[in-house]
Amino acid sequence: MYFYKIALLILLLLIQSGNVAASNNLPDMGSSINKLFPLNIEQEVGDQYMRMLRQQLPVVNDPQIRDYINELGFRLVAANEDAKDRQFYFFVINDASINAFAMPGGYIGVNSGLIQNAESESELAGVMAHEIAHVTQRHLARRLETQSQLSIPTMIAAVASMLVMTQNAEAGIAAMTTIQAGATQTMINHTRSNEAEADRIGIVTLASAGYNPLGMSRFFERLLQLSRYSGKRLAFLSTHPLNQNRITESRDRAMSLKFKSKADNFNFNLFKERLSSFLPRDYKPVKRAFEVQLAKFKPHQIPTSLEFGYALTINKLNQHYKAEKILQKLSNRYPTNLYFSLALAEIQIDGGNPQVTITSLEKKYHLNPGNDSITMTYARALLEDDQVKLALDVLYEHLPKVEEEPFIYEIMAEAQSRDGLFKEVSESTGLHLYYSGDLSGALSQFKQAMIGRSDDPYFNARILARIRKVQREMLHNR
Ligand SMILES: [Zn+2]
């Protein structure tokens, strides 16, 4: 029912913009799409949907994971002429199923299961370049448009199941059978021509961004084989129908393109290891599997990512000291690589020894202003070291860069509460809930912040504005 509500919201927004999907004679594609689904409406729908999605799905909040996926995403955006004036937001979902999807408003999600199955940065970039093209070509809006002769209830059902489908094929299929079958299927699947267009554009984007343009077809080939051998229905393939023909076509196209490789598989493999360490699972067999792998190499020939993954795994099993030793060694060998030094710092902070890492974090913080991963780790270290005021200064300064990210408000509330700023704690908790999609929770926190007298008129005005904003949105959703 939850998704039904979102679909209603989308429809409401469409109606409010005075563009009810009911007309029979449609003018040419481009202008009619802008009328039916103007970009600003698409953005608003996307923003709200993203906040709701956070409530339903485990979006990875780790700054290093976010930094990686955004760096990769925006490098592709910079290489796609049509993408430059659009907004984008990339995120990873902590889910082992293989999926990637684009939502209205330039939100592009990739499941960790898909990332684990990519063997190079160019392969992951291939999927993302393809999804970016779906956004720039406005395929989602176009699909809505082609269905605009449908009755409104059918359209709502279609949008609802389409949105479920973007996350989970099984749930999407279940939703379809309970809501409506038939007509909806055509809307959920990207059409063949949309797929071909996204492939074409994506391959060119890959090459101009410095990735191997064969990355896309290689990865698609692997997904196709995986679905054949495992007999499983891959979520990605149910929204992006794949066949051998299409793969051959994209391979041929890629072969004709020149590129200057900038792909970084060293960091890609470290990113994959870090991401794996967030999957909720039994780490004992994972550790044994690592040990089998490690035994195959002579000590000085062990691949770095393997050793890194092993350190993160044993740390999960509370072997902190041993993990720390490995990370210290890797950190010494690669002093500028953040994956090693920040993982090491985290173990030291969690172990109650922030003092040993704080000086080096402070140095990194000043050398890399605005870096999310460094800033957040530094703030955590300061907090653990009881330097609450300095931690707050660091967080406040960083806030404008990440103000729509729920995670920043959690640590902020903790720092504020330790500084006795209880009204601010309510505000931060409210913002955390708001950006996580919990409107009524946010509202009650903001109201809490208004209780009692505040000497700061700006604070009161700000909270009042927040309350009004949430109330307006709640009204919309109803
Ligand atoms: Zn596609």
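**Reading a strand and a helix**

Mentor: Let's start with strand E1, keeping in mind that this is a predicted model. Five of the five residues of E1, residues 89–93, are buried, so the strand is largely enclosed by the rest of the structure.

Trainee: Which residues point which way from E1?

Mentor: Tyr89, Phe91 and Ile93 go one way, while Phe90 and Val92 go the other, and all are buried.

Trainee: And does E1 pair with strand E3 in the parallel or the antiparallel sense?

Mentor: Parallel: E1 and E3 (residues 107–111) are joined over five bridges. Within that pairing, Phe90 sits opposite Ile108 of E3.

Trainee: Okay, on to helices. How do I read the length of H15?

Mentor: Count 1.5 Å a residue. For the twelve residues of H15, 265–276, the span should be 16 Å, and the end C-alpha atoms are indeed 16 Å apart, so the two agree.

Trainee: What caps the N-terminal end of H15?

Mentor: Asp264 does, with a side-chain oxygen 3.2 Å from the backbone nitrogen of Phe266.

Trainee: Which residues of H15 are buried?

Mentor: First the general idea: an α-helix has 3.6 residues a turn, so residues three or four places apart point the same way. In H15, the buried ones are Phe268, then Leu270, Phe271, Lys272, Glu273, Arg274, Leu275 and Ser276.

Trainee: Zooming out, how many helices and strands does the chain have?

Mentor: There are 26 helices and three strands. Of the 478 residues, 55% are buried. The chain exposes about 21800 Å², with carbon and sulfur atoms supplying 53% of that area.

Conventions
Residues numbered from 1 in each chain as written. Predicted model: local features only at pLDDT ≥ 70, side-chain atom pairs only at ≥ 80, totals over all residues. Heavy atoms only, no water. Helix = DSSP H or I, 4+ residues; strand = E, 2+ residues; numbered from the N terminus. Expected span 1.5 Å × (residues − 1). Buried < 20%, exposed > 50% of the residue type's maximum accessible area, 1.4 Å probe, protein only. Polar contact = N/O pair within 3.5 Å; in protein donor to acceptor, adjacent residues only side chain to side chain. Pairing = 2+ DSSP bridges. Areas by Shrake-Rupley, 256 points an atom, 1.4 Å probe, with all protein chains shown as cover.
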